[in-house]
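Visitor: I have a structure to look through and would like to ask about it piece by piece. Can we start?

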Amino acid sequence: MMQEGLDDGPDFLSEEDRGPRAVNVDLQTDATLQVDISDALSERDKVKFTVHTKSTLPNFKQNEFSVVRQHEEFIWLHDSFVENEEYAGYIIPPAPPRPDFDASREKLQKLGEGEGSMTKEEFTKMKQELEAEYLAIFKKTVAMHEVFLCRVAAHPVLRKDLNFHVFLEYNQDLSVRGKNKKEKLEDFFKNVVKSADGVLVAGVKDVDDFFEHEKTFLLEYHNRVKDASAKSDRMIRSHKNAADDINRIASSLYTLGTQDSTDLCKFFLKVSELFEKTRKIEARVAADEDLKLADLLKYYLRESQAAKDLLYRRSRALVDYENANKALDKARAKNRDVLQAETSQQLCCHKFEKISESAKQELIDFKTRRVAAFRKNLVELAELELKHAKGNLQLLQSCLGVLKGNT
Amino acid sequence: MQDVVLSQNRNPVTVAAVKLLKPELFLLFSGKVEVSLESDESVFTVFSLEASQPASLPAEDISTNSNGPKQDLLFDDDPEDLFAEATEEVSLDSPERDVLLSDGPSFYCFQMNLKVCFFVQIEEEEGGDSFDIHISVSEPREVGDFMFFLSPSSRQTSMSLFKQKDFSVKRRFSDFLGLHSKLASKYLHIGYIVPPAPEKSIVGMTKVKVGKEDQSSNEFVEKRRSALERYLMRTVKHPILLKDPDVLQFLESSEQRWTPANGNKAADAVNKMTIKMNESDAVKAAAFENLDVQLRKLHASVKLSVNTAQFAKSAAMLGNSEDHTALSRALSQLAEVEEKIDQLHQDQANGDFYLFSELRGLRTTGVFEHRMKTWQKWQDSQMLLQKKREAEAKLQFTNKPDKLQQAKDEIKELEGKVQQGERDFEQISKTIRKEVSRFEKERVKDFKTIIVKYLESLVLTQQQLIKYWEAFLPEAKAIS
């Protein structure tokens, strides 16, 4: 199988610069805690990430160390944040998506089966393409896991989390198993309840203008990002397909051109060559669009969901607070269990205010991050598109020169 | 506005006068009718049709259904009349029924559109030892179905091939296809390389039919026009094809005789048959088939265009809901850029399609397959002969004189067939060899021009792309 060739990839990341490869997020690098994924290994159906930490914080035994983690352990860490009441007032950095090589593996398999039906050149070409695709997916999943860790490390509160430190430092298996069926079912029901609750809670009008505005804004924004993300994926896929078509045509022309050595066949060869080169550029364009546009939108889809979750938790706390108030009034009226009602109300009030305070800052930070990330990616997208268009242009003009010169 | 008078000396009919409005003709009639349109001094018969039941009127082109509509049409010698010395055809297009008159139970009203006419000019160049015929196809006059006019220009030398010196004919696109299929059925099986007709493009045609008056449908019309021109030029450049009576009739006759597109399908079906005779031919055939498939796939770049347009809209929506002003503006700009790129993709796809349909014309497999078929026939009859000889040998030992005689007769017949098969095969091989060398010479020149044009269009596309992104970049940088 193809993957075996990629197993030994200890240094495949070495050509890129070390340091947070935060493609989608603009983060400050803080010397007190720096986290990155220095290496990754792809086995049959698992990916093993080497998480490398550099820190001057006293919490850690050493200043620099590495551990090996798998995807499930990232999820465990993320879920522990979500379940922690203390962090209710923060935007929890979205969990990285599961590494998904299924599509790529399927294609490689199909290629292997169809080997007999195409020429040797076609086969090698397609094989190279698919290998490159596999590698690209691999790099992407590494980047997304890394971004998650960097976000946590950059967050003033989350970075101090104990689970996080264990995750970074404990150099043995965390024994985090994936959720079994029962737990998955529980999760499913929890989600159903949560979304139902979310609907109820969303109806509550907020006294605070800021949050009211944020609520409406986030709802609309999230939906539109979702739409844009789906459409950009489709567009980029079409782009890749169009590039692939050109490749097959180039191969056919090449076959024709090698039939004999008449003038006509020489033309076939030249045109075939040209198409091959333009196709490579088109594929690069699609890949860059994928990286700068599609990934950006996907990431902010997840982040805006996390922000919405924060707002939900706050609204929930508000409802609880209001309910506690009502209960207190009732208790005072009946003059029964007043103390209990009072403490409960105090708790709710405190919780609500704590969440509100941090939520405000979180949402402002979210906006700043978002704007910066979009700016960076849109600028890079435009620059790359320009670069490729100019490259294409040069290629075409030189080929034209050759063809015209031969007249 | 012309008055239409339904002539009463043709068929019993009760009709009223109808006003002819370009481009619509409202016609009232009942029963069988042959309609003449009168316009000042000119009278011409347009069509004859039957309308016995209102419910079952075909929405097809009536002109092909009717039996030889008489079309001796004369026009005023109006110098501004574009249709001078040309025939004009008006035919039914999706008849709509509308009862206009109240008296009489069975009046039907039809709406017809004038068809589009392409003018094809045939010019002859002066002097030269071998004749040089130049054919040009002019632009269509009206949007609708295509019609082509072959109209004359100055003819210096007299051509014995053509009866007239000056002539113009109009032809529909499907007529060209019909001509091609006829030539293919006549000549392919004896080894001549018949130039392929331009492709039908459903995308382009629907756009034009819908009446979209935008740049891309004009480009489509233009591309089709030039493709038809090239096709005719190639056909007349072929020394044998030029002398073919069908070709001459196509170029000259004012009558319409070509069967519509159905004929073309037969030719295509023949082309698709493959009989493997030897490796290289088969590989060539396979490579061309492959190319065909891929070329059609490239039209999936139409899909890319659709998806790009959708993304552009989505990005615009996102920009709307973004509350950071500079970012919002940048996103709207991105949406605009993507829209423009989408337009570029569409134009490029049109260009691709025509390039590849021209490349397709480089196929010579049609003739090769016929050669294979001839060879196969010859081999088959040889094998049959062998079998019959064996059977005859066996019969020698039995006492059946009449059966023996029958066998001897059959053998004689088969021997004749075998000889004919061998002759046919050698003939077709010789012809093909000549054709291929002539073909190569012609096509190399053609191919070059086509490819160069295509690359130039690609260059333009890339230059446009650069312009768009360069305009976008400062907007993106302005986000703060």
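Guide: What follows is a short talk through the confidence, the interface, some charged pairs and one serine.

Visitor: What kind of model is it, and how are things numbered?

Guide: This is a predicted model, in which local features need pLDDT of at least 70, side-chain atom pairs count only at pLDDT 80 or more, and totals for chains, interfaces and linings use all residues. Residues are numbered from 1 along each chain as its sequence is written, chains are lettered from A and ligands numbered from 1 in the order in which they are written, and side-chain values use heavy atoms, with hydrogens and water left out.

Visitor: What is the mean pLDDT of chain A?

Guide: The mean is 83, and 90% of the residues of chain A reach 70 or more. pLDDT is the predictor's confidence in each residue, from 0 to 100.

Visitor: Which elements of chain A have the lowest and highest mean pLDDT?

Guide: Helix α1 (residues 3-7) of chain A has the lowest, 34, and helix α2 (residues 71-83) of chain A the highest, 92. Helices here are DSSP runs (H or I, at least four residues), strands are runs of E of at least two, and both are numbered from the N terminus. Over residues 1-24 of chain A, pLDDT stays under 50.

Visitor: And what does chain B average?

Guide: Chain B averages 61, with 46% of the residues scoring at least 70. Its residues 1-132 stay under 50 in pLDDT, and the model has 300 contacts for them beyond four places in sequence. A contact means heavy atoms within 4.5 Å. Residues 149-160 of chain B also stay under 50.

Visitor: What are the ipTM and pTM?

Guide: The model scores ipTM 0.82 and pTM 0.63.

Visitor: Now the two chains together. How many residues does each give to the contact?

Guide: Chain A gives 61 residues and chain B gives 55. The two chains bury about 5400 Å² between them, 75% of it on carbon and sulfur atoms. Buried area is the accessible area (1.4 Å probe) that two parts lose on being put together, summed over both.

Visitor: How many salt bridges cross that interface?

Guide: The rule finds 5 salt bridges across the interface of chain A and chain B. The elements that give two or more residues to the side of chain A that touches chain B are α7, α8 (263-334) and α9 of chain A. The largest share of that side, 23 residues, comes from α7(A).

Visitor: Why would side chains pair like that?

Guide: Side chains of opposite charge can pair when their charged atoms come close. The rule for a salt bridge is a side-chain nitrogen of Lys or Arg within 4 Å of a carboxyl oxygen of Asp or Glu. A search of the whole structure finds 32 over all chains.

Visitor: Which residue of chain B meets A:Arg370 at 2.8 Å?

Guide: B:Glu322 does, in a salt bridge (N to O). This pair crosses from the loop between α9 (301-321) and α10 (325-360) of chain B to helix α9 (residues 338-405) of chain A. A:Arg370 also forms a salt bridge with B:Asp323, with the closest N and O atoms 3.4 Å apart. B:Asp323 is in the loop between α9 and α10 of chain B and A:Arg370 in helix α9 of chain A, so that pair joins two chains as well.

Visitor: Is A:Arg370 buried or exposed?

Guide: A:Arg370 counts as buried, at 0% relative accessibility. Buried means under 20% relative accessible area, exposed over 50%, and partly exposed in between (1.4 Å probe, protein chains only). B:Glu322 is buried at 4%, while B:Asp323 is partly exposed at 26%.

Visitor: What about a pair inside one helix?

Guide: A:Lys215 and A:Glu212 meet in a salt bridge at 4.0 Å, N to O. Both lie in helix α7 (residues 209-257) of chain A, 3 residues apart, about one turn of the helix. There is also a network of salt bridges linking A:Lys140, A:Asp233, A:Asp290, A:Asp295 and A:Lys298.

Visitor: Last topic. Where is A:Ser232?

Guide: A:Ser232 is in helix α7 of chain A and is buried, with a relative accessible area of 0%. Beyond its neighbours within four places in sequence, A:Ser232 is in contact with A:Ala294, A:Leu297 and B:Phe311. A polar atom of its side chain lies 3.0 Å from the backbone oxygen of A:Ser229.

Terms used:
A polar contact is a pair of N or O atoms within 3.5 Å; within protein, one must be able to donate a hydrogen and the other to accept it, and residues adjacent in sequence count only if both atoms are side-chain atoms.
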